[in-house]
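The following exercises are to be worked with the sequence and the three-dimensional structure at hand. Each task is followed by a solution in steps.

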Amino acid sequence: MPPVTYVALENVRKSLGTRTLLDGVTVGVTEGARIGVVGRNGGGKTTLIRVLTGLEPVDSGRVIRYGGLTIGVLAQIDDLDESSTLRDVVVGDRPEHEWAGDARVRDVLDGLLGGVSASAYTEGLDTVVGTMSGGERRRAALAHLIVQDPDLLVLDEPTNHLDVEAVSWLAEHLAPRRGALVAVTHDRWFLDEVASETWEVVDGGVERYDGGYAAYVLAKAERSRQAASSEERRQNLLRKELAWLRRGAPARTSKPKFRIDAANVLIADEPPPRDRLALEKFATARLGKQVYDLEDVTLAPAVGADAVITNQTWRLGPGDRVGLLGPNGAGKTTILRLLNAAHDGKLDLGVDAAGAAVGDPWAPPDVRGGTVRVGQTVHVAHLSQALAEIVADERVLESLQRQARYVELGKGRTLTAQQLLENFGFTGDKLFTRLGDLSGGERRRLQLLRLLVNGPNVLLLDEPTNDLDVEMLTVLEDLLDTWPGTLVVVSHDRYFLERTTDDIYALLGDGAIRHLPNGVDEYLQRRKGVLAAATGAATRAASNAASTAGSGSAAGDPTQDDGVPRVLSAAAVRLLRKELTKVERRSQRLHTEEDRLHAELAAAATDHEKVLALDAELRAVVAEREELEDRWLEIAAALE
């Protein structure tokens, strides 16, 4: 039996003002499909999914949806009720014993919210939406949709605000999903993990490719070869991307389920994306031997905050290309601020960095000890997550030329300011657009270019992929390939990290900076180890066993006789968890039995004796279920 077609578009046309975003598009989403949608910003990706889901009417053509289809949409801007709590958003009014006993719901809470108690939020499940940050709202909206489990799940940039761990969990969770999935994303690693089909929205049409991002690049290269494309710059970028995919990490190169001989011909003589030794040699000439030396440094984000690193020694040399990983709040941005402030001479080691504005991305952090040495020839450019202030009436080309008219990229490559802008999508009239009229993504691109044209030899990039589409990401990666300097990147974009850096360091929350020879995979394994160790530490802290807490205390009682919370032994924890599982299973059986008895009562409404017997049986079932619910709450409180 063929899969059901959930949604079909037939010859659909959709315009916005004078722009035609969809022109004669015919596509379909079938049961079990996992579709990744790519394309340039403003090219029609969001319009396509709004048409698919019925949020946007079409100008012409037909949209056909399967009867009874349930659709869940994650938009780029959520519509969560500001007065609702996290509990309301994710699990609604379901009884606690019911949702907490559902393994699928617990998995979502663990993967996105920090566990059943939502420890990643300040007030746990009672956190009010109106007090949440943008990232917290994003996770809450995503958790809500996944818990609902609609037939068709449509996600617009689902990895925004997610760290590497959460992106990895999301991909693992969505890949085997039975319902259909449509995801608009610039996260190429995520595309490779979840997509079995890729749609490219380009020039008003939708080009379809089998497989994830790697397969899409190979197939697109073959199409370009057959069409004898004359766009030399785009072809060169495509060849470099192919070289990376075919010679990069083994896990990625195995993704395509087929080989395209013609695509292999394209890269037969293509060198690696960058010559590391040559770049290091050139970087040494520009930077000297010393870049940054941190010795026994203890560092905190601000006065009074907890230290993120303690007595750490870390050295960055000329030509080093480093990715920095860690969970949110681990101190990645703080380290970038340290490197930036040390170069600017704003650090007063051993003295509190008082007076810094809260949230200022360039404010010096609080260095509580150690030594920070900076090479004399170091010239730093720091790309923060905040968008730099702009002169609204200034024009794009004028703004960049005011910084510099030429930029040296190394290996004899020189670009004019205009050429650099054109490479990053500022062509034609865009060169003369007012800065105040630029979109967020365009401002981000211009912010990056203004840093590059100043001739830095050290780049500190904090989430550089924000608001960049796949095409712009490949342009940026191509630019960085031949950039001869020291590079430090903080990013949740796994593909970008692996593509642009040579070494991965991590902050795992224990005050250390650790080098990870096996990259992101090692980071994810270590993070699992850290979480397991934290659980083990809590168990070891229970050395005062429940059996010694006093003869009057029951194993499931979370307090001693004096009302002071009691620490459970490891054995007691195991027994309580085993009992909790039994309680959950018995509760589920009682719920089923209760439903059966209600149905039989309705059917036997005219049989008085049978109604009495069934009513007595129902009362007994309800009483037992209520007792089990009370016991479940006692055990849950004890385990917390």
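**Exercise 1. The surroundings of His492**

Determine where His492 lies, whether the residue is buried or exposed, and which residues surround it.

*Solution.* The model is a predicted one.

Step 1. His492 is located in the loop that runs between β18 (486-490) and α18.

Step 2. The relative accessible area of His492 is 7%. Buried means under 20%, and His492 therefore counts as buried.

Step 3. With neighbours within four places in sequence left aside, His492 is in contact with Thr159, Leu162, Asp163, Val164, Asp187, Glu463, Thr465 and Asn466.

Step 4. One of these partners, Glu463, is joined to His492 by a polar contact of 2.9 Å between the side chains. Another, Thr465, is 27 residues away in sequence, with a C-alpha to C-alpha separation of 8.7 Å.

**Exercise 2. Phe496 in its helix**

Establish which helix holds Phe496, how accessible the residue is, and what it touches.

*Solution.*

Step 1. Phe496 belongs to helix α18, residues 494-500.

Step 2. Its relative accessibility is 0%, so Phe496 counts as buried.

Step 3. Residues up to four places away in sequence are not counted; Phe496 then touches Arg188, Pro464, Thr465, Leu473, Leu476, Glu477, Leu480 and Val489.

Step 4. Pro464, included in that list, is 32 residues from Phe496 along the chain, and their C-alpha atoms are 9.3 Å apart.

Step 5. Thr465 is touched by Phe496 and is also in contact with His492.

**Exercise 3. Helix α4: cap, burial and cover**

Describe how helix α4 begins, which of its residues are buried, what covers them, and what follows the helix.

*Solution.*

Step 1. The N-terminal end of α4 is capped by Asp102, a side-chain oxygen of which lies 2.9 Å from the backbone nitrogen of Arg104.

Step 2. Within α4 (residues 103-113), the buried residues are Val105, Val108, Leu109, Gly111, Leu112 and Leu113.

Step 3. The cover over these residues includes α2 (86-91), α3 (96-100), α5 (134-148) and α6 (164-174).

Step 4. One of the covering helices, α6, has 10 of its 11 residues buried, so α6 is largely enclosed by the rest of the structure. Its buried residues include Trp169, His173 and Glu165.

Step 5. Just after α4, Gly114 adopts a positive phi of about 95°.

**Exercise 4. Two helix pairs**

Classify the packing of α4 with α5 and of α14 with α16 by axis angle, and name the residues that make each contact.

*Solution.* Two packed helices are described by the angle between their axes and the distance between the axes.

Step 1. The axes of α4 and α5 come within 10 Å and cross at roughly 160°. Angles over 145 degrees count as roughly antiparallel, and α4 and α5 are therefore roughly antiparallel to each other.

Step 2. The crossing of α4 past α5 is right-handed. From α4, the contact involves Arg104, Val105, Val108, Gly111, Leu112 and Leu113; from α5, it involves Arg139, Ala140, Leu142, Ala143, Ile146 and Val147.

Step 3. For α14 (residues 396-403) and α16 (residues 440-452), the axes come within 9 Å and cross at roughly 25°. This angle makes α14 roughly parallel to α16.

Step 4. α14 also passes α16 in a right-handed crossing. Val396, Ser399, Leu400, Arg402 and Gln403 of α14 meet Leu446, Leu449 and Arg450 of α16.

**Exercise 5. Glu394 beside α14**

Locate Glu394, state whether the residue is buried or exposed, and identify its side-chain polar contact.

*Solution.*

Step 1. Glu394 sits in the loop between β14 (380-383) and α14.

Step 2. At 7% relative accessibility, Glu394 counts as buried.

Step 3. Apart from neighbours within four places in sequence, Glu394 is in contact with Ser399, Arg402, Thr433, Arg434 and Leu435.

Step 4. The side chains of Glu394 and Arg402 are joined by a polar contact of 2.6 Å. Arg402 also takes part in the contact of α14 with α16.

**Exercise 6. Positive phi outside glycine**

Find where Asn11 and Glu157 lie and give the phi value of each.

*Solution.*

Step 1. Asn11 is part of strand β1 (residues 5-16). Although Asn11 is not a glycine, its phi is positive, at about 50°.

Step 2. Glu157 is placed in the loop between β6 (152-156) and α6. Its phi is near 55°, again positive in a residue other than glycine.

Step 3. Glu157 has 10% relative accessibility and counts as buried.

Notes. Residues numbered from 1 in each chain as written. Predicted model: local features only at pLDDT ≥ 70, side-chain atom pairs only at ≥ 80, totals over all residues. Heavy atoms only, no water. Buried < 20%, exposed > 50% of the residue type's maximum accessible area, 1.4 Å probe, protein only. Helix = DSSP H or I, 4+ residues; strand = E, 2+ residues; numbered from the N terminus. Contact = heavy atoms within 4.5 Å. Polar contact = N/O pair within 3.5 Å; in protein donor to acceptor, adjacent residues only side chain to side chain. Axes fitted to C-alpha atoms, helices over the stretch in contact; angles between N-to-C directions. Parallel < 35°, antiparallel > 145°, perpendicular 65-115°, else oblique. Left-handed = near helix turned anticlockwise from the far one by under 90°.
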